[in-house]
Each structure stands twice: as structure tokens, then as C-alpha cells.
Amino acid sequence: MSTHRPRRRLYGLHRWVGLLLAPLGLLVFFSGTVATFHEELDAWAMRGHRIAPAQDVPGFDLDDAHRVAAAGVPRELRRQVDISQQPGHPLRFFFHVHEQRDGAIVERGVAVDVDPTTLEVLRRRLGERGEALAPSAPGSLSSFFVDLHIFLLMPETLGLIATGIAGFALLLLVATGALVHRPTLRRLRRRPRTGSARQLVGDLHTLIGSWTLPFTGLLALTGSFLSFAGAVLLPLVAQVAFEGDQEAMFRTLIGRVEVSDSRDEASLAPLLDDAVARSSGGRVQFVALDQWGEEGANATFGVAEPSPFGDTSHHYAYDGHTGALVREKPAFGVRPSFGGSLVDLVARLHFGTLFGLVTKALWGVLGLATCALALLGLAIFTARRRDRRSPAARAVRSMTVGLGGGLPLGTASAGWTWAIASSLDGGDVTDAMTVAFLLALAAAAATGVSGSVRSGLVRTWIAAGVALAILPVLAPLGSGMGPFEAWSDRTLRWTVWVDAAFVVAGVALLVGSSRLARGWPRRRHPEVAPEESTPLGVGRAGPL
């Protein structure tokens, strides 16, 4: 009795934390799983608009591109310049200034997109960073899921706090789940029983939770750190140690670059060549010009040195007057440190880039498994409710179907909206995608109010499966290409795997809906002790 009473209390805590934060946690994990492959998704969407990397353009001169982009930009905005190029996208210059507003740094300026092959200005936008750097239509698809994962369709600070809370809640769920179910090697090897839906759901929840325990704990811990560091920790440090001056704090964290007293202005092209040579032919990720054209001018080149086990990042700081290399610097601070290495490791672990594509693929599978774990937990609670007409039972049924069926349906709806809206508008279609995603979640949740979880999931999975399987056919709409050109040899290498993933996901949902509609054949299984197979009587629940 003394052993079971604490376990029942832990189980109650585990259940109620899961119920209260299931929508938030599932949204974070599902969107994070999709966002893990944002580069591949971006390449799929960019198939008709891919622009050659500046490094691969014969005769490209960064100084010429800088002069073209800076033409017409007010002088006060040219002191700070961020230069970057995402794969397939134009070369982007962001001329800006830092302004303090309500204790926070606001970056305001002009973003200029340049084709590195022709040096033609493709787009020029004025405003704060979020407005000026808003993605074009092809880039809206991947950025939607990245922003959904980080900010959860909320204002930035509030979204980061909500994501951090979801991470802490998941840590609590991991700890209480491990104490309740006590995973052992024998239980990890046991096959789930398929005699009934309630047995299968209970056994799968325990089995998946046990196998994914290290992954969910790692993602929850790193995600909480990254979220609260941006929303709470850094502003607090700025307030306490720098009297609210965030710009001074960031300059201290990044480290100052000591330069000569000369008033000359270095050429950027030789610096680019030097950075690439020092990194054994690495790919330039960004160039940051600080106080350019004035005293203290310096340039930092961020270069990724390719490796089969994940790229190695280098940051080279140059004197903006003489062009001499000042030092290779870490991302944080003046010299390598344990803290800087730890922050880099946390980011690599959370985003699945530690060992390149291998880690990303593993993170994708484990992310989906964690989503399934949460849905199985909701299904267990639904099965245990004897009064199916009570408000609590209806709310949990609605939540289960709204998340289990609404998230894949919302993904398909966002993809369809992206393709159609891009063909009509050609600008940032994020707002339209957001509306479509939320409507899909609401429609799926509505199906779970009156019917059972099983019928609701069957309907939403069929709709999501068909929509995802057809989504590759709509790709020409979003890319502005003809149907034959969209699958030509020139574009196929960027798109075939994502096309296949959409089709496979759609077919999997259709097969799953068919299997779920038929139900589970009842079979006889050997009796197992309740505390060993379904602790706290989970397996003795009512029907789904």
C-alpha cells in the first residue's frame, strides 16, 4: 500500500499535466518535427526560383554587389550590414540601425535582395527586421513551420515563454512517467497486446514512452533553455549588468574587434576569398559589417566547413580598414570557452544538426514518436471516462481528434494554401497559411465533440491523407512553373525526396484510417499482472 499510494499520486500528476499542456506540447513537437527539415522543404518550394550561390558564380565580386545594394540607402543605415544567402534564395543585404525601445533592441532598416549572377535588385523592403526580412512566397512555406515551432503563432516574447513552459512540462511528464511505469529491459522487449484497442493503447503508450525517454528529455531540456534564454535570461542580464542597454550586452558577449586607426576601407572580395581558403573551401553563411565606413570598421565572415558528420562553423574577424585577419573567434565571447561550446552543443542537439542528415532523420522519427506518445496518453484518458457525455469527456475527445487529426490536416491545408495563394499573390502568404491551419484544427476538433475518437480520427486522417498525397501535384502552382518543367531533371534532385515524403505520409494516414475503422480483432492473451503491464489499472479502461 505504501508503494502504490505515491505511484498513484505521481500518476495523477502525470495525467493532469499531460491533459492541461497537451495542445501546447503537441503543437511544439509536431511543428518542430516538420521544421527539422525546413531546408529540404524550402528547396522543394523554391524549385522554380532557385538562384545560384554567390560563391559558385564565375567572376562574382562582393564589392560590386554591395555597391549595387547600397545605392539609394541612407548613409545612417550603412554602418551595420548583414549579408547572407539561403540555398536557392537571392543574396540579401540588410542595412540597418539598432534602436532602443522599451528596454529592447529594435533593428530598423532596408533589406535588398540581389541576384548574384546579374547583380539585379530583385526586391527592396523598408521596415523593422521582421517586416523587412519577411519571406517571399516560395520561402513562406518553411518559415511558417519554423515560426510556428518557436513562437506558436504568438508575439515573439510570449511565444518563447510558452515554448519554454511546454519544455518544462515535458520534463515533468518524462520524470513522472518514468517513476510510474518503471521501464525495465524486460518491458522494453515486450510486444504490445492487440486483443483490444484499450490494451493496445495502454501498452503502446508505455513502450513508446520508455524507448523515447532520452530523446524527449533532451529536447525538453534544450528547448526550455533556448526559449527562456531569449525571452527572459538575456533581458534580465542586460537589465542587471548593463543598465538595460542590450546592445552593449550583445557587444560584450560577441566580443569587440580591435582594428587599426586607418581611415581606409578594405575590399570585401579578398576577405571572402581568404575566409573560404582558411575553412578548406567552406560555404559562407553570413557576412556582418560593423561600423562600416567609419572608425572601428570590422567584418566578420561566418563559414561552414563541410563534414559528413555535420558542418563545422568558423567565424573570421577582419580589420575593416586594412583587411588583415584579426582573429578566428567563437560565436560567443572573445576566445573559446566552455560556456560558448555548451551553447553551441545545446543548439546542435535541439535542432538535430550534430551529425548532419543522419541526426535530422533520427530526430524526425523520434519527434513523430513523441507526438504519438502524447496522443496515446489522451486516448487512455478518454477510454477511462465512463460518462462519455460529460463536458470533460467531450473536451478530451475534441482535443484528441483536434490534435491527432488536426495537425496533419492543418499541415496539408497550409501547404495547399501556400500553393494557391502563391500563384495568386506572389508575396508573403503567411497570414493565409495561418488561417487555413487554424481552421483545420478547429474542424478536426469539432468532429470529436459528438462522435468517438476513432470515428473522428478516421475522418480527419482520410482528409489529411488525400490532401498530402495530392500536394506534390500542386507544387507547380506555388513555384510558378509548368507541370512538366516542375519535374524536369533540373529540379528533380531538389524535390523528389520531399514529393515522396508527402505521398508516403498521405498513404500512411489512409492505411492507418482504414485499419482504425476496422477496429481490433479480439484475441486471447496470457494474463499479466496489472502492475507489470498496465500500472494503475490503465488497461482496464472502457472502450474508445
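Leaving aside its neighbours within four places in sequence, which residues is Leu 141 in contact with? With contact meaning heavy atoms within 4.5 Å, the list is Leu 41, Trp 44, Ala 45, Gly 415, Trp 418 and Met 433.

Before we go on, a word on the model: it is predicted, so local features need pLDDT of at least 70, side-chain atom pairs count only at pLDDT 80 or more, and totals for chains, interfaces and linings use all residues. Residues are numbered from 1 along each chain as its sequence is written, and side-chain values use heavy atoms, with hydrogens and water left out.

**Nonpolar cores**

Leu 141 also appears among the residues with the most contacts inside the largest nonpolar core, together with Trp 44, Leu 407 and Trp 418. That core has 57 residues, and its largest share, 10 residues, comes from helix H17 (residues 453–479). A second, separate core of 33 residues includes Val 57, Phe 93, Val 97 and Ala 297. A nonpolar core here is a set of buried Ala, Val, Leu, Ile, Met, Phe, Trp, Tyr and Cys residues joined through side-chain atoms within 4.5 Å. Buried means under 20% relative accessible area, exposed over 50%, and partly exposed in between (1.4 Å probe, protein chains only).

**Aromatic pairs**

The structure holds eight aromatic pairs. Rings of Phe, Tyr and Trp (its six-membered ring) pair if their centres lie within 6.5 Å; planes under 30 degrees apart count as stacked, over 60 as edge-to-face and the rest as tilted. Here are two of the pairs:

| Pair | Centres apart | Planes | Class |
|---|---|---|---|
| Trp 44 and Trp 418 | 5.7 Å | 40° | tilted |
| Phe 215 and Trp 363 | 5.3 Å | 85° | edge-to-face |

The tilted pair links distant parts of the chain, with Trp 44 in helix H2 (residues 38–45) and Trp 418 in helix H15 (residues 406–424), 374 residues apart. Helices (H or I, at least four residues) and strands (E, at least two) are DSSP runs, numbered from the N terminus. Both Trp 44 and Trp 418 are buried.

Phe 215 lies in helix H9 (residues 213–241) and Trp 363 in helix H13 (residues 357–384), 148 residues apart. Phe 215 is buried at 7% relative accessibility, and Trp 363 is buried at 12%. Phe 29 joins these two residues in one aromatic cluster.

**Positive phi in two loops**

Ser 280, in the loop between helix H11 (268–278) and strand E5 (283–290), has a positive phi near 55°. Ser 280 is exposed, because its relative accessible area is 57%. Gln 291, in the loop between E5 and strand E6 (298–305), also has a positive phi near 55°, but counts as buried at 19% relative accessibility.
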